[in-house]
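Please open the model in your viewer and keep a selection panel at hand. The tour below proceeds stop by stop, saying what to select next and what is to be found there.

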Amino acid sequence: MDKFRNAVLVTGGLLLVLSAAAIITGSIFAKYLFCTGAVMFSAALITGRPENSTITVKRLFAQQVVGCFFLLGTGVLLFTDFLGRNSWIVTLTIGALIQLYTIFRIEHEQNKDSES
């Protein structure tokens, strides 16, 4: 099951990156691919809860979930003009920065725990 979850996570991440680039070029189907990638990435990430971990890793995991909600919100903003035409860029940037930060911090914390 873990290999399947990792495959879904990587596929969703690739869809996010490729479709975000395609949105800028004006592709018609890029919005749909982005939403599919966001759902795949978020579902795989949320179902992979860290077990037997420290409070710091649990806190960072909660921050990852918040980042997933920003990515999902980006998908919603792509289909609406609720906050303006390019408001999706702000939520995408926030979500990506949160994901980037937490991924490196969780790995660092888990390596620190395994050394001691």
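Helices (H or I, at least four residues) and strands (E, at least two) are taken here as DSSP runs, numbered from the N terminus. This is a predicted model, in which local features need pLDDT of at least 70 and side-chain atom pairs count only at pLDDT 80 or more, while totals for chains, interfaces and linings use all residues. Residues are numbered from 1 along each chain as its sequence is written, and side-chain values use heavy atoms, with hydrogens and water left out.

**Helix H2**

Begin by selecting Ser-42, which lies in helix H2. With a relative accessible area of 4%, Ser-42 is buried, where buried means under 20% relative accessible area, exposed means over 50%, and partly exposed lies in between (1.4 Å probe, protein chains only). If its neighbours within four places in sequence are left aside, Ser-42 is in contact with Cys-68 and Leu-72, contact meaning heavy atoms within 4.5 Å.

Now widen the selection to residues 30–47, the whole of H2: its 18 residues should span 26 Å at 1.5 Å a residue, and its end C-alpha atoms are indeed 26 Å apart. The expected span of a helix is reckoned as 1.5 Å times one less than its number of residues. Colour the buried residues of H2, which are Ala-30, Phe-34, Gly-37, Ala-38, Phe-41, Ser-42, Ala-44 and Leu-45. They cover an arc of only 165° around the axis, which puts them on the same side of H2; the arc is that of the directions from the helix axis to the C-beta atoms. Which helices do the buried residues of H2 pack against? They pack against helix H1 (2–25), helix H3 (55–79) and helix H4 (87–115). Turning to the other side of H2, you will find Tyr-32 and Thr-47 exposed.

**A nonpolar patch**

Keep Tyr-32 selected and add Ile-28, Phe-29 and Phe-79, since these four residues form a nonpolar patch on the surface, with about 500 Å² of accessible area together. Patches are made of residues with over 30% relative accessible area and no salt bridge, like charges being joined within 9 Å and nonpolar side chains (Val, Leu, Ile, Met, Phe, Trp, Tyr) within 5 Å. The accessible areas come from the Shrake-Rupley method with a 1.4 Å probe, and for residues only the protein chains shown count as cover. Within this patch, Phe-29 is found in the loop between H1 and H2, and at 59% relative accessibility Phe-29 counts as exposed.

**Helix H3 and its contacts with H4**

Next select H3, which has 25 residues and reaches 37 Å from its first C-alpha to its last, close to the 36 Å expected at 1.5 Å a residue. Its buried residues, among them Val-57, Leu-60, Phe-61, Gln-64 and Cys-68, pack against H1, H2 and H4. Centre the view on Gln-64, in helix H3, which counts as buried at 7% relative accessibility. Beyond its neighbours within four places in sequence, Gln-64 is in contact with Leu-45, Gln-99, Thr-102, Ile-103 and Ile-106.

From there move to Tyr-101, whose place is in helix H4. The C-alpha atoms of Tyr-101 and Gln-64 are separated by 8.9 Å, although the two residues are 37 apart along the chain. Tyr-101 is partly exposed, with a relative accessible area of 42%, and, neighbours within four places in sequence again left aside, Tyr-101 is in contact with Leu-60 and Gln-63.

**Salt bridges**

Side chains of opposite charge can pair when their charged atoms come close. A salt bridge is a side-chain nitrogen of Lys or Arg within 4 Å of a carboxyl oxygen of Asp or Glu, and by this rule the count comes to 3 salt bridges.

Staying in H4, select Arg-105, Glu-109 and Lys-112, which are linked in a network of salt bridges. Arg-105 pairs with Glu-109, the closest N and O atoms being 3.1 Å apart, and Glu-109 also meets Lys-112 in a salt bridge (3.5 Å, N to O). How exposed or buried is Glu-109? Glu-109 is buried, with a relative accessible area of 5%, whereas Arg-105 counts as partly exposed at 24% relative accessibility and Lys-112 as partly exposed at 41%.

For the last stop, select Asp-2 and Arg-5, whose side chains meet in a salt bridge (3.4 Å, N to O). Being 3 residues apart in helix H1, Asp-2 and Arg-5 are separated by about one helical turn.
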